[in-house]
Each structure stands twice: as C-alpha cells, then as structure tokens.
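Here's a quick briefing to go with the model you're about to open. Have a look at the fold first, then the charges.

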Amino acid sequence: MAAYGEDLAIQSGHYVAFNSSMHREWRRQTRSKNAILINGKGQYADKDKAKAMSANGKILAAEQREDHIFIHGDATAAYQSLSPEVTNAEREIYFVRNNYFVIVDKVDAEEPVTLDWLLHANNPYELGKSSFRNTGQRAGFYGQVVWSEAGKPEMTQVTGFPDVDPADYDGLPISTCLTAKYPASTRHRIATLLVPYRLDAPKRIFNFM
C-alpha cells in the first residue's frame, strides 16, 4: 500500500543475493509478506518443486464495482502443504471510494488453529487493543479490527529480520512487522480496516458491523 508519495504497507526485506539467509529465511517465507500464518506456519517455500507447484493460489474475482474495487483470492492449497488440517483460506480486499481498504480473511480448519495476521511497514507502530497506527515522513495509516469471529487479537510488533544474518542487511533500512494473533478456532472470519492519509490531512473512517 502506497499513498501520497510514500510506501506504507511494504514487502519486507531486501534482495541481497540468491540463496543468502535473507533470501532463504525471510524473503521466500510467508512471514515477510502482508499475509497470515496458520498455527505459526505459512505457505510452502522449500525446494521440493512438486510441492511448490501444488502449493498454489488463484484469484477468484477482480472487479471494478460502482463504489469500490473487489479482489477475492483463494490460498487454500498454498497453506495445506504445511497445515493439512486447513480446509479453506481466502482473502477478500475491498478498496472503497478510492479512499480506504477493508480486508476480510476467511480460514476454516478441521481442528482449532491460531491465526497471525501480519502487516509490514518501514516504521514502528503505535498499538492499541484492536487498532494500530503507523506514521511516515509525508503520510501514515491506521488500522482497526472491525470484526473477529474467534475473539479479539493480541497485538505485538518486532523490528528486524529474525533468523537472518545481520551482515545481509548491514546499512539497509530495517522494517517492523505488526502481528495480530487470534485465538484458536476451527472458523475464522476477520475484517480489518486500513486507512491511509496525508500527515497534514488526517482522516477518520467510522465503521460498524
């Protein structure tokens, strides 16, 4: 997510060299993306080509509607390699009135699973109980958990690249990862609001379910 001339929600990490620890342990892994982890596990990212081919995803819809853009993706197969108990993993994104985002995540499993909802940014966050804010040089954004069927999340953040050789990012910018951890459940439905704004013109979107 970029707005008002600044990158806000980012692809974390740096491409420094093929097969570097940054490449293997971070950039290839789901934990470096603005995605979810299921029971702490992401999508398959190892060297088995057959497993990599089957751990795929698909776009179910990408539509320009009257007052918003709608994108619907299915990543079920991508998660099932490491989490075979998962029966459904989908994300819907609504970009409303060229103004703000609503992200809806849907996960079903045959046994209770926890969800880690990840969001990477160039700067540390201000965290609330179910909200967060990130401030850059010219722009910022805030997020609000509008709904979670499984219960409220625990918000934490980590700055850096765990398990990566520090020499791989010496002198390079270090990003921060927000994690909203949701309690174990066989059914997750999470709606998250993201609102970018210019620092000289902050905005507020009122929401309800």
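What share of the 209 residues in the protein is buried? Buried residues come to 45% of them. Keep in mind that this is a predicted model. In terms of secondary structure, you're looking at 3 helices and 12 strands. The radius of gyration is 17 Å, close to the 17 Å that the globule rule gives for 209 residues, so the protein is as compact as a globular protein of that length.

**Overall shape and surface**

- Along the principal axes, the C-alpha atoms fill a box of roughly 50 × 45 × 35 Å.
- The accessible surface adds up to about 11100 Å², and carbon and sulfur atoms own 51% of that.
- If you take the contacts with a separation of 6 or more, 63% of them come from residues 24 or more positions apart.

**Charges overall**

- The protein carries 24 positive and 25 negative charges, and the mean positions of the two sets sit 2 Å apart.
- Side chains of opposite charge can pair when their charged atoms come close.
- The structure holds 9 salt bridges, and three of them are picked out below.

**Asp-67 and Arg-97: a loop-to-loop pair**

- Asp-67 forms a salt bridge with Arg-97, with 3.8 Å between the closest N and O atoms.
- The partners are 30 residues apart and link distant parts of the chain: Asp-67 is in the loop between strand 4 (58–64) and strand 5 (68–74), while Arg-97 is in the loop between strand 6 (86–96) and strand 7 (100–121).
- Asp-67 counts as partly exposed, at 35% relative accessibility.
- Arg-97 is exposed, its relative accessible area being 56%.

**Strand 6 to strand 7: two pairs**

- Arg-91 makes a salt bridge with Asp-105, where the closest N and O atoms are 2.7 Å apart.
- This pair ties strand 6, home of Arg-91, to strand 7, home of Asp-105, across 14 residues of chain.
- Buried or exposed? Arg-91 and Asp-105 are both buried.
- Glu-92 and Lys-106 also meet through their side chains, in a salt bridge of 2.8 Å from N to O.
- Here too the link runs between distant parts of the chain, with Glu-92 in strand 6 and Lys-106 in strand 7, 14 residues apart.
- Glu-92 has a relative accessible area of 8%, so it falls in the buried class.
- Lys-106, at 22% relative accessibility, counts as partly exposed, given that buried means under 20%.

Conventions:
Residues numbered from 1 in each chain as written. Predicted model: local features only at pLDDT ≥ 70, side-chain atom pairs only at ≥ 80, totals over all residues. Heavy atoms only, no water. Helix = DSSP H or I, 4+ residues; strand = E, 2+ residues; numbered from the N terminus. Rg over C-alpha atoms; globule rule 2.2 N^0.38 Å. Buried < 20%, exposed > 50% of the residue type's maximum accessible area, 1.4 Å probe, protein only. Contact = heavy atoms within 4.5 Å. Areas by Shrake-Rupley, 256 points an atom, 1.4 Å probe, with all protein chains shown as cover. Lys, Arg positive; Asp, Glu negative; His and termini not counted. Charge placed at Lys NZ, Arg CZ, Asp CG, Glu CD. Salt bridge = Lys/Arg side-chain N within 4 Å of Asp/Glu carboxyl O.
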